[in-house]
Each structure stands twice: as C-alpha cells, then as structure tokens.
Amino acid sequence: MKKLLLVLMVILLVFSVTGCFKKKAEENLIGVAMPTQSLQRWNQDGANMKAKLEEKGYKVDLQYANNDVNTQIQQLENMITKKCKVLVIASIDGSALTEVLRKAAENGIKVIAYDRLIMNSEHVDYYATFDNFKVGEIQGKYIEEKLGLKENAGPFNIELFAGSPDDNNAYFFHGGAMSVLQPYIDAGKLVVPSKQTDFTTIAIHSWDSADAQARMDNLITAHYAGGRKLDAVLSPNDSLAIGIITSLRNAGYGTPDKPFPIITGQDCDKANVIAMIKGEQSMSIFKDTRTLAAKVVEMVEAIMKGEEAPVNDTKTYHNGVKHVPSYLCEPVYADVNNYKELLIDSGYYTEADLQL
Ligand code: BGC
C-alpha cells in the first residue's frame, strides 16, 4: 500500500513538473519567422536570433517558409496558437500579413518587423533594419567614385536592376542609388543603352538569381552584341549580382579586352565575397546580421518587461497605416581592399569560408 502511494506521488510529481515546464515555455516563447533558407543571409539571421534569444533564457520557435507566402502565414498562425509572446517576422510579401497580424494583436502578441517592413497593418509594433536608403546611396556613390563621374565627362554605359516588388526594401535601395545616379543620367554622363529605367521593368521578383541572369542575357544580346562597352551594373543585392556575373561570364566578360563592369551588391554572401576577390564583383554592402539580431533581442527584452523598445527613427517608415517606430543599423561597404578587416578580423567569416 505504502509502495503504491509512493508510486502515485512520484507520478503526480512528474506530471506537475512537466506541466510546469510547459507553462514556463509558453510564457517565454518567441516566434521567429524567416522567409527562406535558399539565401545565406536568412540562415545567419535565423541562427543568430535563436542563439541570442536562447542565451537570454527564451524558447524560440524558428521557422523558414521557402519563400512561400501561404506557408509563412500558416507558420505565424501556429505561433499564435502556441501562444508566442512576441513575433519577429522577416516577411516574404510585406503586404500579405494584415489578417494574421490582426489575430496576433487580438491575442496580445507584439510584432517586430525584421529587416523588411510589414505593410498595411496597424499591428506592427516595431521595425528593426539597416538604413535601406543608405544601402542604395552607398552603392550609387561607389559607382560614382569608381567611374570618376564627378571629374570625367563620360558618357559611361550602365544597366540598372532592382529588387523584388513585394519587398518594401527594394524601393528604398533603388531610391537611394538613384538619388546619386539620376543627376548623371539627366546630364548625359551616364547612359542606359537599354533605356530600361522604370522600377517595374528592372525589378526581379523574389530576388531570383536565375531571373537576373536571364534579364542580363537579354540585355547583352539586344544592346551590347556589337561590342558596346558596359561600364557598370547597379545590382541591389548579392543574389542578383550572382546571376548578372554568371550571364556576363558566359558572354565572355572577364578578359583584358572585355573586363567585368563595376557590379554592386549587398549582403556579403560568401560566394559574392569570393567573386570580389576574383575581380568579378566590385563591392557588396555589409550588413552585420549579428548587430541586427542583437538589436532585435534588446527589443524583445524591452517588450517582455512591458517597456518601450529602443528606436532611432520614427519618421521614415510609413507602412500605409502608420509610421512604424524603427531602429536603423548602419550599413557599410566591403570591397577587395577592406574585406579582410571587415569580414575576417571581425570574426564574421574565417579565411577558410572564403577559399576560392
Ligand atoms: C534584404 C537584403 C536581401 C534581400 C533578398 C532584402 O529585404 O534587406 O539583405 O538581399 O531582401 O533576400
């Protein structure tokens, strides 16, 4: 009898303890929704966020949605059902989350837009990103400097690419770059031989490398076949740059007679840093994902304590409904001259990561 009682007590204890753990986990659960694993940066973003949140004692539900909007919505619904306390979301289509965010708000869940602004919802509490206009501006200035646009008469030939139209960042990158380049186009110092300059024409949906490659193929065939020199290509990020480089390489660029044009990029993906070392890509914006993750963890902590999260900009990012209080981190550029200091000495990559 005594034994039976003891067994019962142990069973009860086990149940109450595991029940307790479950409750604790729910109290501490943070949902992190990332767009895709197909691009290096989002893997780093997700891994950094998870590690940093876990260090602080949170449980993390980290999900990737394979660039599929409905998958991301389902993942967010699951996070709401699991009673996550905060959702950190790098959206795929910034305008597709209005309904699911309404549900989150009804359940008292706070939302941080990660890197990409979530549009058309009043239920976006904070936005943490890099200064996206500045990203484009730095790319534009790099082209300005390397072509010597201030001093040289030109004209120089350039082709323009833009990012995914469902990503609010794409417009900021483009706006930033064109704030530098447009005056030179207007003055005739920079010429776009294809005449393709409007955003819709030059945008690459889902930031797809193969689509960027196909567009570059078409541009080369239609406008550069007769030996016209291509001096620069404005590429807003690294996944596009990879496609553009592949296209140019296939068309015989990369020789003394036909050197690669200046090609910009963003993210410092390993493959692109290697391309920089090889002289195929000129620069890439470095957005240290560790900095962004650390800032978002600070935001989560403030929210969990019922405090205001740190922001440094309340005027730039209007999502169609309101200005979303934002924290903008500083982007910088890496090129073949400074990548060692920026990427290796800082511990972002090892030498081995960048083997040719
Ligand atoms: C990010 C870039 C990234 C692009 C494609 C943008 O929203 O800011 O860093 O290259 O998405 O994933």
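User: In this predicted model, how do the residues of the shell around the ligand divide into nonpolar, polar and charged?

Analyst: The model is predicted, and 13 residues surround the ligand in it. Four of the shell residues are nonpolar and three are polar. The remaining class, charged, has six.

User: Where does the ligand lie with respect to domain 1 and domain 2?

Analyst: Domain 1 comprises 19–124 + 288–329, and domain 2 comprises 132–287. Both domains give residues to the shell, so the ligand lies between them.

User: What is the distance from an oxygen atom of the ligand to an N or O atom in the side chain of Asp 267?

Analyst: Asp 267 is among the closest residues to the ligand, as are Arg 41, Asp 115, Arg 116 and Asp 167. A polar contact requires a pair of N or O atoms within 3.5 Å. An oxygen atom of the ligand meets this with a side-chain N or O atom of Asp 267, at 2.5 Å.

User: How much of the ligand's accessible area does the protein cover?

Analyst: The space taken by the ligand is the largest pocket. On its own the ligand has 310 Å² of accessible area, and the protein's cover amounts to 99%.

User: Which elements give two or more residues to the shell around the ligand?

Analyst: The shell holds 13 residues. Two elements meet the criterion of two or more residues: helix H2 (40–55) and helix H6 (168–186).

User: Which peptide bond is cis, with omega near 0°, and involves Pro 155?

Analyst: Pro 155 is in the loop between helix H5 (132–147) and strand S6 (156–160). Most peptide bonds are trans. The cis bond runs from Gly 154 to Pro 155.

Definitions and conventions. Residues are numbered from 1 along each chain as its sequence is written. This is a predicted model: local features need pLDDT of at least 70, side-chain atom pairs count only at pLDDT 80 or more; totals for chains, interfaces and linings use all residues. Side-chain values use heavy atoms; hydrogens and water are left out. A residue is near a molecule or strand if one of its heavy atoms lies within 4 Å of it. A polar contact is a pair of N or O atoms within 3.5 Å; within protein, one must be able to donate a hydrogen and the other to accept it, and residues adjacent in sequence count only if both atoms are side-chain atoms. Accessible areas come from the Shrake-Rupley method with a 1.4 Å probe; for residues, only the protein chains shown count as cover. On a 1 Å grid over the protein atoms alone, a cavity is a set of points where a 1.4 Å probe fits but cannot get out, and a pocket is an open set with protein on both sides within 12 Å along at least five of seven lines; lining residues have an atom within 4 Å of a point. A molecule sits in a cavity or pocket if more than half of its atoms lie within 2 Å of its grid points. Helices (H or I, at least four residues) and strands (E, at least two) are DSSP runs, numbered from the N terminus. Ala, Val, Leu, Ile, Met, Phe, Trp, Tyr, Cys and Pro count as nonpolar, Asp, Glu, Lys and Arg as charged, and the others, Gly among them, as polar. Domain bounds come from an automatic or database domain assignment.
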